[in-house]
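Visitor: Please take a close look at one sheet in this model. I would like its strands, their pairing and what packs on them described in one connected account.

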Amino acid sequence: MFWRIKNIIIAIVLAGLMLTEIAGCSNSERTVNKDNESSKPVVISLEGGDWGYPTPFSHYSRGPGVFKMTLIFDSLLERGEKGYIPWLAEKWDISKDGLEYTFTLKENVKWHDGEPMTAEDVKFSFEYFAKHPPVSNDLTVDGKSFIKSVEVVDAKTVHIKVEKPLAIILGKIGNARIIPKHIWEKVDDPRKFNTPEAVIGTGPFVLKDYRKEQGAYKYEAFKDFWGPKPKVDILQFIPVSDSVLAFDKGEIDITGITPDILSKYEGNREYKVMKNPAFWGYRLIFNMEKRAELKDKEIRKAFAYAIDKNELVEKVARKAAVPGSAGYLPVDHIWYNKGVKNYQFNIDKAKALLKGRKMSFNLLIGNSNAEIRIAELLKISLAKAGIEINVKSVDMKTRDAAVKKGNYEIVLTGHGGWGNDADLLRTMYAKEKTSNQSPSADGIPGYSNEQINELCKLQLIEMDPAKRKDIIFKLQELIAEEIPQIPLYNTTGYIVYRPYKYDGWKYMFDHHEVTHNKLSYLDVK
Amino acid sequence: MEYIKYKRGHSSDIQRGTSCKGVSNNIIKKFSITGKIGITIVFLFLLIGIFSNCISLHPYNVPSGSSLESPSLVHWLGTDDLGIDLWAQICFGARVSIMVGFGTALLAGLGGSLIGIFSGYFGGLTDKVIMRLTDMMIVLPDLPVMIVLGAFFGPSVRNIIIVLALFSWTAPARIVRSKVISVKEEKYVTAAKSYGANFWHLTIRHFLPNILPIVMVSIIQLVSRAIVAEAGLAFLGLGDPTSKSWGLVLNHAINFRGIYFTDYWKWWVVSPIAAITLLVTAMAFIGRDVEKIVNSKI
C-alpha cells in the first residue's frame, strides 16, 4: 500500500518539476523574442469594463470612460507631466484684461476620416457644447457658460471672448474636446448619436471595436496623427475577472496591486512598480436636505472624531493611502494646506459633542469590496459614539445616480480628480446646479456657508497665483472647521508592469492613473 | 439533532401505524460508519452554531486583532483584513448556514408535502394545476431567478430562506403526491373512508405516517442544497451583508486584491470552504443512510 502511495508522490513531483522546467524555458524564449522582433506591432491589453460609447456625450462619467473618449478626441491643450502643454493649439495669447484668448492651431491636423481640422471646428465645438452639454462640461461656471463669443480669425486662428476674467479659464478652454463640424452639425440629439461616425476625432487612436456586453474595446493607432508618433499600435480592453491573476498570466499589461504583494514584484527586473499620487479618494457626503440635524456643525464634528481614518488606511487600503484632509485638498495637491484642523480619532470627544443624543442614519454605499469594508468599520466605530448606521449597498452606477439626485442620507463615494485645480473646492462646497455629470462635481445638498461662498468667488477672480493660493489656504481652514463632508482617505496604490513589453507609462500632473494619460501611448519625451 | 428527535418521534408514529412495523427504535444503530460520522459532524456544527458566543474567544463582528494575522493560539484561524477573528466568524456562520439550511428544508419540505397531499388526494383539476406549476418551477433556472428575487426583496436571512424555499418545494411535493396516490388505494384507507373519515383524519392517521420517511429523505437533501445556495448567493454579494455567513467570508476573501499571491488565502479562503464542504458532505452521508433505511423498510 505504502510503496504505491510513494510511487504516486514521486510521479507527481517529477511531473511538477518537468512542468516548471518547460515554463522556465518558454519564459526565457519569450524575452528573447521580444527583443529581436521589434517590427512586430505593439499590442497593449488593459482591463476592460463597459464605460459607455466613447463620444463626448455618451461615455460614462468616470475616469475610465473619460479617458477612452480622450484617446479619440483631442483638446486645445493637453495635460502633461508638469502642467498644460500645447496640443491642438500651438500657442496662445491672453489679453491683459483676461477677457480675450487667441489660440493658434497646429497645421496639418486631420480628422480620422481624412478631412482637415480647422478653426471652424473649434468654433463649432464650443457653440455646440453650449447647446448640448457634454458629459464632462468644462465650459461652464456655476451652470452658466463663461464664453461670450468665438470668432474664426483665419483657418488656424481662433479668438475667444469670455464674460469675466477668471483664474481657471485657460485650463477649462484647453480641456474642452474638439469635435468635427462636418459630422456633428447634422446631429440634434448627441446622446443618441452612436454610429461609427460619432467616434471620429483627431486623436492618436481610432476605435475599431466596441462590445458593450463584454466591456471590450479595441483601438488602433491613427496613421495620419498630426502629433507625436503613437508607440502603441493596438490598444485593447479585455474582460478579466481578477486583474492581478490576469496580469500574472500576461493577459493584461498593467495592474494595480496592494502592498501585500509588492514584494513579489519589487526588486524583480522583469517588473517595474510605480506609486500613484493620492488623487483618488473616498468621501462621506452628508445630505442636509434629507436630514436637517446634519446642519448642526457639532454633529458633523462628532462624525469626524468618531471615524478612525488611520484604521481605514491600514485595513481597507492596506496602508496604500493617506488619510483625507478635512480641508479636502489631499497631501499631494500643490496647494494642500497642512495647517488645517485635524480630527484625531477620539470617541470621547465625539460623545461629548453629541451630548448623549442617539442617532440613526442610512448609509448608501457601492458594492465594491473596499466600500463594504469601509462601511463595516464606520459602523463599528460610529456605534461606539452612539451613532447607528444602517448600511445599504447598491451597484456603483445606482449609487452614482443617487449621489447626482441627492437621494441618500449619507453616502460613501469614491472618485478621482482630487488633484485638479483648487477651484474644485467651489464646485464641491459652494456650487449651484451644474450640468457636469462627473461624480467629483457633486455638491453637498442643503449646505451653504456665506464665508465659504465668498472665498470661493474670490479665488475664482483672483488672477495672481500667489494671492489665490492664500485664499485657497484660508478656504481649506474654513472647510476643515465646518466639515460639511468627510474626506476619508486618498489612495496611493501601486501599479506594476513589464518594462520589456512596454515602458511608456507616465502620469499627468494632476491625475492618479497612468493608463488614463494619452501621452503614455505616444512617443513624447 | 432536531432531525434525529424528529426521526425518533416519527418512527414511533410508524410503529403505531400499519405499514412499516420493523423500524427500530434506535435508528442510529442502522447507520453506517459514514452516516455516524455525518451525524457527529452535523451535531458538532449545531453546537458550534448555538454556543458560538461561548466557543469563540473573540467577537465575530468587531476587530480583535491586527489585520490578516496568521493562525495562532490567540486567533485559531487567524484574522481577516479588518482584524476580525475568523474562528468567531466561522462559528457564527454555522448558525446562519444551519438556520438557512434547516429553515429552508423544513419550510419547503412541509409546504411541499402539504401541496403533494392535496394534489394526490383530490386528483383531477387540482392535481393538474399543481403538477403543471411544479413543472414550471422545475424548468425555471433557479440560480438566476434567485439572484433576481434576492436583489428584489433585499438581502436578509429571512428573505433568503423564503426565496430558497420557493424553489425547493417541488421535489417533496412530487414524491409525496405519488405516495399519496398509491396509499389512497389501499384497502384500509378505503375502509376508513367508507366509515366517514374526512380528508384531515386520513391525512393525520394514514398519509403522514406513510410519507414521513420519504419526506425526511428529501428534507435532508434539501438542507445541503440550501446551505450551498445561501453560500453561493452570499458569495455573489446578494446575501445579507451583515450576516457574516460563510459565503460572505469567502466573498470578502476572494475579492481581496491579489489574495492568491499572498499567504492569506491559506486561512481566509480555506476555512469557509472547509466549513461548507464539511457540513454539506456530512448532510450527504446522513441523507444516503436515511434513504437506504427508508427504502429497505417500506
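Guide: In this predicted model, A:Arg283 has A:Thr413 of strand S19 in chain A as its opposite residue. The two strands concerned are S15, residues 280–286 of chain A, and S19, residues 410–415 of chain A; they run antiparallel and are joined by 6 bridges. Strands of a sheet pair through backbone hydrogen bonds, in either a parallel or an antiparallel way.

The pair belongs to an open sheet of 6 strands in chain A, with mixed pairing and the order S16-S20-S15-S19-S17-S18. At the edges stand S16 (321–323) and S18 (387–393) of chain A; each has a single partner strand, so one side of each lacks a neighbour in the sheet. With direction ignored, neighbouring strands of this sheet are turned against each other by 25° on average.

Two helices of chain A can be placed against these strands. Helix H11 of chain A, residues 369–385, packs on the sheet and touches S15, S17 (359–365), S18, S19 and S20 (485–491) of chain A. The direction of H11 makes about 165° with that of S18(A). Helix H12 of chain A, residues 396–405, also packs on the sheet, where it touches S17 and S19 of chain A. Between the direction of H12 and that of S19(A) the angle is about 115°.

As for the wider setting, the domain assignment of chain A gives domain 1 as 63–197 and domain 2 as 280–491. The C-alpha centres of these two domains of chain A are 32 Å apart.

How values were computed: Residues numbered from 1 in each chain as written. Chains lettered and ligands numbered in written order. Predicted model: local features only at pLDDT ≥ 70, side-chain atom pairs only at ≥ 80, totals over all residues. Pairing = 2+ DSSP bridges. Helix = DSSP H or I, 4+ residues; strand = E, 2+ residues; numbered from the N terminus. Axes fitted to C-alpha atoms, helices over the stretch in contact; angles between N-to-C directions. Contact = placed C-beta atoms within 7 Å. Domains from an automatic or database assignment.
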